[in-house]
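Student: I have a structure in front of me and would like to learn how to read it. Could we go feature by feature?

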Amino acid sequence: MSKIKNMLFVYIALSSSLLFAQESWRYAADFAIGESEPLGHVNLASLKFINPSKERTQNLNIIIKDTKGEACQIKKFKQVNNREAEILFTPSSDRFYTAYIKESGTGTTQTDENLRDGKMLIEDFVPVDSTKTGQWNWVTVPRMSGSFSITGKEGTSFQRVLLPSPEKIEKSDKLVVYLYYMEEKPPEEIMVELTTIRDKIYLYSWGQDLISADKGKKILLGTLPEAKKISMGSLPESGRWIKMEIPFTGIKENMLSAVGLYHYGGRVWWDRVSINEVPMTASITTMRERDKKVKSYFNYSASSPLKLDGKVFQVLKVDASPSSGAEAFSFTVSGKKYAGRTMELLLMQGDDRKISLEAECQGIRDTMEYEIPRSRENPEDIKMVTKVLPYQPFVRDREPFTVILSVTNLNNETVPLSVKGRDAEEKVYPQPGETKHVYVNFSNYKSGDIMEAGIYICGLKLCGKTFRAGSTETSNISMDGPFMTDEKGNFMVIDFPGEKGKKTSTPVDSLNITLAGSYPDGTGEILQKILNKEGIKSVISETGKPEYGYNQMLFSEYLHIVGKLNLSENGDIFILFPYTGSIEEKTPPAEWQKAVEAIISAGEKQFSKIIICSPFPAPPFPELYTPYKTVTEEIACKRSDNFLDVYSIYLSNPDWRKLFIRTEGIYKNLPEEKGVPLFIKELVNLLNSIFVKQYQNGTALGKGK
Amino acid sequence: MFFCTRGMTQIIFDFENSLDNWQNREASQQLSLSKEYAVSGSASLKVSVNNSETAWIAYPGKIDFNNFQFFKFNIYMPDSGLSEISLKCYVKDNEWHWFETGLFRIKGGVKKEVGIDISNTSFAWKPLNHLKNWDGYAARNISEFGIMLFFQDKYTGSFYVDAFELIKARFPDDKICLYNFEAPQDRVKTFEKFEVSFKSSYRPENPFDPQEFRITGSFVSPSGKTFEVPAFYYHKYLRRLEDDGENLFPYGIEGWKIRFTPQEMGRYTYTIQIYRDGNKVSDMEGGTFLAEMSGDGGFVRWDKKDPLYMSFQNGAFFYPIGHTLRSPDDKRVPYYRWEFTPPKNMGTFAYDGYFKKMHENGENYARIWMSAWWQAIEWNPFYAPHYKGLGRYSVENAWRLDYVLEAAARYGIYVDLTLINHGQFSRPDTEWLDNPYSIINGGMLNTADEFFTNQLAIDYFKRRLDYIVSRWAYSKNIVLWELWNEIDLTINYNTQNIKKWHETIHPYLRGIDPYDHLITSHYCRIEADPVIWAIPQIEMIEGNSYNAEMVESVLTFFTKRKPFGKPVFINEYGVGANRRILENNLHAGIWASSMTPLTGVALFWYWPFIDYFDLYFHYKALSEFWKGEDRRGKNYQLTAASVESESKDMGITGIQNNFEGFFWIYAGKLFNDKRPQETPVKRTCTIKIGNFEPGNYELEAWNTYKGEIVFKKDFVMEGETEEVPIPEFLNDIALKIKRK
């Protein structure tokens with residue numbers, strides 16, 4: 001393999017040498033227009049590059065040829081500094097090109113020195129903090145460039161963007177917008193609105209004059225103040241992306257504050273809206289130097305200056321891929337060495353901005369050095385919003401758990417982020433305004449651990465969300481909307497034992513029974529009376545109802561019961577009727593099961609016996625309660641607790657629905673008074689059977705006088 | 001979407017002639033029609049996968065699963081060499097909440113029919129990353145259905161899907177019943193909310209259209225009065241303060257509620273009626289509850305004896321002292337070099353703080369807007385997904401208003417609830433372009449001013465009022481239904497159209513509101529619009545008074561409106577070129593307006609300014625001064641008192657009758673000047689008062705910043721006027737003079 005590689009290298013080197021010899025070019029840079037750029041639509045491309053020569057940039061003589069060898073017209077040569085330049089050229093239909101660079105001292109020929117800079121307004125996103133009005137559907141098909149185009153609804157619709165700060169314009173500037181519509185659904189009118197800083201509105205229209213403030217016409221924008229409407233002619237061609245240009249020659253003001261895109265009838269897609277044409281971007285893929293086997297070269301991109309806690313930095317991305325003939329790469333930045341072909345790092349404000357790349361192959365080394373220019377822009381606070389999405393906080397026997405973070409980038413450029421959990425790290429690159437969801441897994445933790453999901457930008461921590469592993473005995477947990485958190489704001493994870501604890505019965509004079517959950521009013525009193533009647537000495541306490549407030553009901557129920565249990569003395573029997581609140585809201589049964597099991601495990605620590613009841617089967621849709629019935633049965637079975645199938649007790653009664661009727665047509669969750677004895681009878685039977693078992697086990701009972 | 005009904009089933013996608021709008025969601029795959037492996041008809045949808053571990057296809061269109069029990073489709077992967085493949089289906093509801101099934105297993109070479117329970121009782125659909133659970137409304141409002149396949153390794157090959165069928169429920173919703181019925185209270189205090197919650201077995205296409213489906217509660221009071229209260233569609237939300245402000249999480253499933261406020265002591269009984277397509281289909285006994293005596297004054301009314309003022313139902317005087325709380329924050333800044341940016345998006349959390357501080361400082365009144373950016377319920381879904389367009393309401397914003405009104409009740413704050421802000425129907429604030437009534441957004445109005453004349457628009461607005469009344473009329477903390485904010489700023493303002501509109505809407509709202517809340521509309525411009533001020537449907541004349549010469553401005557505002565013999569209120573004011581001047585304007589506004597026979601204290605606009613600089617103490621002082629003072633029946637008139645001082649800028653304003661008076665003496669340079677001075681000034685003066693009956697009087701002088709009496713003085717009124725020297729004070733001082 002390496003033999004073939006070497007031969008290939010020799011071939012390339014030879015042919016390059018021949019070419020250079022023939023053309024007398026010292027460097028040849030292969031470059032490509034980006035994959036998402038609208039090749040064939042935009043007639044301008046840009047190549048920004050670091051000058052590989054020590055010659056001053058303005059002295060370089062550069063020509064660009066496509067793959068067929070056709071030379072492309074260089075419209076403008078912009079010197080960024082002595083080492084860096086941007087070439088604006090007219091592309092052919094090719095994506096791939098080669099720039100030949102000669103150190104002639106005569107400079108590069110330009111054909112349009114007055115070419116105005118382009119400023120993108122809408123391309124996959126609008127500037128952060130813009131105010132959007134209208135119907136903004138971002139769609140992937142059809143699109144001309146980037147990832148999306150925008151469209152509204154069929155018939156009539158519009159998109160209007162009020163820019164966060166007005167853009168400076170000159171009379172020689174123009175608005176460039178691309179649009180598409182289908183032949184079978186043509187609009188009758190297309191209109192573009194430009195609003196200047198003084199709220200002066202200019203309207204440019206193609207097709208019929210239908211969008212108007214005038215009565216008697218088909219009116220869409222009836223409340224537009226007096227606005228100048230200019231007819232731009234007939235509708236453009238259908239079925240392909242059309243470039244529309246609106247010159248600013250008629251605009252008196254020099255600041256543009258809003259752009260609106262309207263259509264009447266049909267459906268229209270819009271893309272790539274800019275002030276002047278924004279060129280397609282190209283980047284160097286291979287840099288070669290005559291007579292050199294190994295040529296080191298890197299591309300770089302640097303973000304605008306950003307600020308975090310007073311620290312100012314730029315995110316620097318360097319890529320050594322364009323180096324030719326090399327197999328190993330090593331960057332030196334601010335005195336530190338980094339091995340690798342690409343890297344992202346932070347350039348802090350005071351850092352040495354010199355970057356050196358050493359490329360190497362079989363002992364042959366070449367080095368490129370470049371000092372990244374300082375940005376003149378004012379640093380802006382980095383704006384990321386990170387949130388924890390609702391998660392399942394109950395874990396059995398410290399099983400691994402997953403949380404999902406949503407990370408939203410509110411900066412005007414894509415930001416490279418790392419989300420670090422305990423076990424792994426994931427990289428995400430949210431675009432401006434984009435939200436990414438990142439899964440973070442946690443395992444191998446123990447009770448009391450604080451686990452962090454941290455958001456970093458090139459090693460600098462932006463924020464962290466912390467999760468605390470607690471147990472059913474953890475106190476000071478409170479509800480915070482959809483989450484349980486502790487007093488320090490850590491998100492809680494409640495670990496509970498998957499198997500029953502070893503609480504054993506102790507001899508007692510009277511039975512201490514605790515009732516928890518949703519059951520008909522008076523249940524405790526009736527039960528007490530029956531037990532008294534049967535000669536069982538008992539004390540019945542009830543945990544009452546939770547205050548749900550504006551919080552998740554399931555967790556509120558858990559905290560309510562467990563809080564009461566943790567405050568109470570040990571008891572004999574804990575009877576849990578599931579709360580109807582979380583069931584009525586159709587909490588997913590798998591989540592519900594874990595919370596109920598956590599409650600049971602807390603009960604098991606304090607009570608000798610547990611009775612888990614299934615929920616009552618509220619009519620008319622008992623099937624809404626079936627999964628919860630199944631779950632309670634499973635918990636009881638798994639933990640060897642007693643189970644009272646209240647659900648089936650009622651369903652086995654042919655007239656069970658009537659027991660829940662408030663009046664004909666109105667059903668309650670719990671049985672009315674006449675239906676209460678049905679389950680209490682079975683509960684007493686169960687209690688009696690537990691006693692019998694305990695007798696058989698030889699422990700004392702509350703059976704007394 | 002293709003429909004073909006065969007008895008109990010309905011085929012919705014058959015791929016006979018087209019892809020039925022199914023789309024690729026993976027770049028590595030292609031969709032095409034195929035004549036192979038068709039289950040229904042002669043064609044199927046072929047998905048060609050190229051070197052991928054996943055496949056993903058979706059139908060991004062609306063589907064209504066109502067009255068269907070199951071959804072099924074056929075999938076076939078001809079490659080019998082393939083090991084087990086996992087498949088899951090997902091749907092997104094109309095707010096883009098994602099629900100997905102568990103994993104189905106399919107095998108290469110084996111045809112598989114996948115069936116999913118889509119009924120409202122189904123547990124097949126699990127929420128992903130949210131807390132909303134599958135219910136009948138999610139089932140009715142599917143905005144995307146998709147299928148995802150997971151291969152064990154990278155796969156290249158094809159699979160086929162066909163015959164997507166809906167299978168009808170065996171028991172369609174013929175007999176409507178209410179379940180999960182909860183009336184948690186069997187006794188409530190008078191003027192406390194009694195609330196019944198339940199779910200309905202019938203799920204209308206539009207739960208906000210009373211013509212399609214309506215549930216009402218009829219409550220009979222102990223004295224035999226009947227109140228009809230409509231039920232309203234409801235969804236629960238959880239709230240949390242995140243880094244970007246308040247986040248609301250829709251929680252659980254949909255439901256209905258009836259809210260009622262008992263105004264009499266004794267036992268109430270209630271029945272519940274159900275109407276479908278306008279016809280009553282059920283009339284059921286609901287239950288009873290006991291209303292017990294409370295110390296609450298009840299709803300706010302125009303006082304029967306002195307209708308220029310407000311009082312509670314129990315007769316107690318209500319004098320509004322407060323400021324605007326339009327929405328949680330405000331983008332507008334009153335002056336250059338504004339020192340702070342108010343926290344954004346604090347939502348209901350902002351009101352927790354505002355109300356608490358207002359309550360602690362003696363305020364009892366606030367003005368809140370149902371604006372699109374805060375608590376509107378009817379707006380364009382493109383603006384935010386919780387909006388549903390015309391005739392369908394945002395239950396998310398409705399929940400917010402629930403919260404705010406409950407917080408208001410907790411802190412004793414009474415609310416002027418503004419139902420429409422002018423920007424919705426005018427261009428300057430650009431909201432018209434987002435308005436669902438606009439033809440560009442699918443509405444019926446070509447121009448915004450047609451809102452006042454278009455019958456369909458009027459009908460939609462009435463329907464919105466139905467929902468507003470059903471959900472919030474229970475609240476005694478709502479003082480006013482303010483139909484409009486700054487109605488004169490709407491486009492093409494036409495007095496006659498506005499008049500007719502109020503003549504239509506006012507009686508409608510009065511007719512459906514069982515609690516007779518006060519109703520009015522608000523104007524911006526000082527001169528607008530006397531024709532409308534005069535109509536009986538404008539119960540109180542409200543307007544703005546933005547002016548640096550605050551005292552003059554308040555007096556002019558009042559005197560222009562006084563001839564109409566109606567309550568008068570300044571709803572907005574606040575100007576100032578810097579912090580100190582604006583604060584002085586705030587101070588001047590509350591003291592000057594309270595010293596005028598206005599119905600309440602003028603409402604300062606810049607509430608984030610008050611909050612940021614903690615300026616609530618101005619209200620504390622004012623409320624201390626006015627504590628226990630009842631203006632009703634006193635025939636207070638603007639005073640003719642005058643002030644003499646070495647300082648030429650001293651002014652006095654006040655109200656009095658022949659026995660008592662209230663006066664505010666102020667440094668005009670600070671409080672009533674076109675170019676106000678900002679530095680504090682010390683003053684002494686002598687006031688000349690008159691129009692009092694002869695006798696012994698007591699004068700109390702109050703510090704207007706601390707709310708404390710700084711001195712008291714007795715004097716005898718002998719002649720027509722009396723001169724009273726006032727010792728040195730800073731900036732201003734307030735006086736109470738009463739005959740002993």
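Tutor: Start with one pair of residues. Gln637(B) has Gln656(B) in E35(B) as its bridge partner. Keep in mind that this model is predicted.

Student: Which strands does that pair belong to, and how many bridges join them?

Tutor: Strand E33 (residues 637-638) of chain B pairs with E35(B). The sense is antiparallel, over two bridges.

Student: What pairs with E35(B) over seven bridges?

Tutor: Strand E36 (residues 660-667) of chain B does, also in the antiparallel sense. One partner pair is Ile652(B) with Ile665(B) in E36(B). E35(B) and E36(B) form a hairpin, with three residues between them.

Student: How do I read the side chains along a strand?

Tutor: In a regular strand they alternate between the two faces of the sheet. Now take E35(B). Met650(B), Ile652(B), Gly654(B) and Gln656(B) point one way. Gly651(B), Thr653(B) and Ile655(B) point the other way.

Student: How many of the residues in strand E35 (residues 650-656) of chain B are buried?

Tutor: Seven of its seven residues are buried, so by the cut-off each has 20 or more other C-beta atoms within 10 Å of its own. Those pointing one way are buried, and those pointing the other way are buried too.

Student: Now a helix. What should I check in helix H2 (residues 347-360) of chain B?

Tutor: Check its length against the expected rise. At 1.5 Å a residue, the 14 residues of H2(B) should span 20 Å. The end C-alpha atoms are 21 Å apart, which agrees.

Student: Which residues of H2(B) are buried?

Tutor: The general idea comes first. An α-helix has 3.6 residues a turn, so residues three or four places apart point the same way. In H2(B), the buried residues are Gly347(B), Thr348(B), Ala350(B), Tyr351(B), Tyr354(B), Phe355(B) and Met358(B). Seen down the helix axis, they fall within an arc of 135 degrees, so they line one face of H2(B).

Student: What does the buried side of H2(B) pack against?

Tutor: Strands and helices of chain B. The strands are E19, E20, E26 (322-324) and E27 (365-369). The helices are H3 (395-411) and H9 (607-612).

Student: What follows H2(B)?

Tutor: Gly362(B) follows the helix. Its phi is positive, near 80 degrees.

Student: And loops? Is Tyr474(B) buried or exposed?

Tutor: Count neighbours rather than judging by the loop label. Tyr474(B) is found between helix H4 (455-472) and strand E29 (478-485) of chain B. With 22 C-beta neighbours inside 10 Å, Tyr474(B) counts as buried.

Student: What is Tyr474(B) in contact with, leaving aside its neighbours within four places in sequence?

Tutor: Lys193(B), Arg259(B), Phe260(B) and Thr261(B). Look at Phe260(B). Tyr474(B) and Phe260(B) are 214 residues apart along the chain, yet their C-alpha atoms are separated by 5.5 Å.

Student: How do contacts divide by separation in chain B as a whole?

Tutor: Take the contacts with a separation of 6 or more. Residues 24 or more positions apart account for 70% of them. Chain B has eleven helices and 41 strands. Buried residues make up 48% of its 740 residues. Its C-alpha trace spans about 115 × 60 × 45 Å along the principal axes.

Student: How many residues does each chain give to the contact between chains A and B?

Tutor: Chain B gives 44 residues and chain A gives 47. On the chain B side, strands E14 (178-182), E19 (232-242), E20 (245-260) and E22 (279-292) each give two or more. The largest share, five residues, comes from E14(B). The residues on that side divide into 20 nonpolar, 13 polar and eleven charged.

Student: Which strand of chain A is joined to E14(B)?

Tutor: Strand E47 (residues 666-668) of chain A. Two bridges join E47 to E14(B), and the strands run parallel. Ile666(A) has Leu178(B) as its bridge partner.

Student: Where in chain A does pLDDT stay under 50?

Tutor: Look at the average, then at the stretches. Chain A averages a pLDDT of 89, and 92% of its residues score at least 70. pLDDT stays under 50 over residues 1-18, which have seven contacts beyond four places in sequence. The score also stays under 50 over residues 698-705 of chain A, with 24 such contacts.

How values were computed:
Residues are numbered from 1 along each chain as its sequence is written. Chains are lettered from A and ligands numbered from 1 in the order in which they are written. Two residues are in contact if their C-beta atoms, placed from the backbone, lie within 7 Å. Helices (H or I, at least four residues) and strands (E, at least two) are DSSP runs, numbered from the N terminus. Ala, Val, Leu, Ile, Met, Phe, Trp, Tyr, Cys and Pro count as nonpolar, Asp, Glu, Lys and Arg as charged, and the others, Gly among them, as polar. Two strands pair if DSSP finds at least two bridges between them. A residue is buried if 20 or more other C-beta atoms lie within 10 Å of its own, exposed if 12 or fewer, and partly exposed in between; C-beta atoms are placed from the backbone. The expected span of a helix is 1.5 Å times one less than its number of residues. The arc is that of the directions from the helix axis to the C-beta atoms. pLDDT is the predictor's confidence in each residue, from 0 to 100.
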